[in-house]
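Biologist: I am new to this structure and would love a close look at one part of it. Could you start there and then walk me outward through the rest?

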Amino acid sequence: MGMPDAEGHGPPEGLPDLPPEWGRVVVPDDASALAEEARQVRRELRRADRRGSQGPRLGPAVRPSVGLPVLALLVAVLITLTGLAAVTWPRASRSGGAPTVLPYPTAPVGPLPALDLVGADDAPVPLRSLLPAMIILVDACACPEQVSTAAAAAPPGVTVVTVTEDRAAGAAAAPGVRPLADPAGGLRSYVHLSAHPGTAAALLVDRQGALVRVVPELGPVTDYRDDLARLAG
């Protein structure tokens, strides 16, 4: 058991004495009184940790180099950016003139579909029964003048048909013209022609049902007279 010191203070019963080289140990009532000793201990610990983590220094010949991987990464990034710039950079026209305009396709691929449209008496009319024909889509423009010109230019045996997307076919725009209705819009959807106000499109179809020509905007008869004549052959 521990022995009391000169002032009569000693360890509690059953606890061993502290090492004599520690001297007298006084525990203050306020822990903040030990702040300076705690800072000094932390400084000693940090100093010892730095000495242990530094270790032996590597010479210039064996020190690992990070310059080479970084250089390789920069080269790879530059090559990638150069390739992207070459692909996306707008190229100047070699001719120096107006840009090239692709012609409108003369006809879509495939024959005319077997559609049943609505006649003037609300009876179904198989469109293929009217071939060969010049079919004029008039849902965006009645265009009576262009329809009359086409009817006058059509050779014998070629039917001029007007098609609207209304529920009723309506009256004939000119003598010899067959008015039909296509409420479902199947014909215009097949040829992928959108309606433009003030214009009428035309389809020239031979007796086998093949689309000979698509006229996106019906204009002067000279634009399609030769194709119209070939339909009768």
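How many of the 6 residues of strand 4 are buried, and is the strand enclosed or open as a result?

Modeller: Happy to help! A word on the ground rules first: this is a predicted model, in which local features need pLDDT of at least 70 and side-chain atom pairs count only at pLDDT 80 or more, while totals for chains, interfaces and linings use all residues. Residues are numbered from 1 along each chain as its sequence is written, and side-chain values use heavy atoms, with hydrogens and water left out.

Now to your strand. Of the 6 residues in strand 4, 5 are buried, so the strand is largely enclosed by the rest of the structure. Buried means under 20% relative accessible area, exposed means over 50%, and partly exposed lies in between (1.4 Å probe, protein chains only). Helices (H or I, at least four residues) and strands (E, at least two) are DSSP runs, numbered from the N terminus.

Strand 4 covers residues 159–164 and runs parallel to strand 5, with 5 bridges joining them; two strands pair if DSSP finds at least two bridges between them. Across this pairing, Thr162 stands opposite Pro179 of strand 5. Strand 5 (residues 177–181) has 4 of its 5 residues buried, so this strand too is largely enclosed by the rest of the structure. Strand 3 is also joined to strand 4 by 5 bridges, and these two run parallel. There you can find Ile135 opposite Val161 of strand 4.

Follow the chain out of strand 4 and you come to Glu165, whose side chain meets that of Arg188 in a salt bridge (4.0 Å, N to O). Glu165 sits in the loop between strand 4 and strand 5 and Arg188 in helix 4, so the pair ties together parts 23 residues apart in sequence. A salt bridge here is a side-chain nitrogen of Lys or Arg within 4 Å of a carboxyl oxygen of Asp or Glu. Side chains of opposite charge can pair when their charged atoms come close. Glu165 is partly exposed, with a relative accessible area of 34%, whereas Arg188 is buried at 9%.

Arg188 has another partner. Asp139 forms a salt bridge with Arg188, and their closest N and O atoms are 2.7 Å apart. Because Asp139 lies in the loop between strand 3 (133–137) and helix 3 (144–153) and Arg188 in helix 4 (residues 186–191), this pair links parts that are 49 residues apart in sequence. Asp139 counts as partly exposed, at 27% relative accessibility.

A search of the whole structure finds 4 salt bridges, and one of them joins Arg230 and Asp227 at 2.2 Å, N to O. These two are 3 residues apart in helix 5 (residues 225–231), so about one helical turn separates them. Arg230 is exposed at 54% relative accessibility, while Asp227 is buried with a relative accessible area of 13%. Back at the earlier group, Asp139, Glu165 and Arg188 are joined into one network by salt bridges that share partners.

Some backbone details are worth a look as well. Most residues other than glycine have a negative phi, and most peptide bonds are trans. Yet the bond from Leu131 to Pro132 is cis, with omega near -5°, and Pro132 lies in the loop between strand 2 (124–126) and strand 3. Cys143, in the loop between strand 3 and helix 3, has a positive phi near 45°. Cys143 is buried, with a relative accessible area of 6%. Asp122 also has a positive phi, about 65°, and lies in the loop between strand 1 (116–118) and strand 2. Asp122 is exposed, at 58% relative accessible area.

Finally, step back to the whole chain. There are 5 helices and 7 strands, and 25% of the 233 residues count as buried. On the surface, Leu71, Val75 and Ile79 make a nonpolar patch of about 290 Å². Patches consist of residues with over 30% relative accessible area and no salt bridge; like charges are joined within 9 Å, and nonpolar side chains (Val, Leu, Ile, Met, Phe, Trp, Tyr) within 5 Å. Accessible areas come from the Shrake-Rupley method with a 1.4 Å probe, and for residues only the protein chains shown count as cover. Ile79 belongs to helix 2 (residues 67–88) and is exposed, at 59% relative accessible area.
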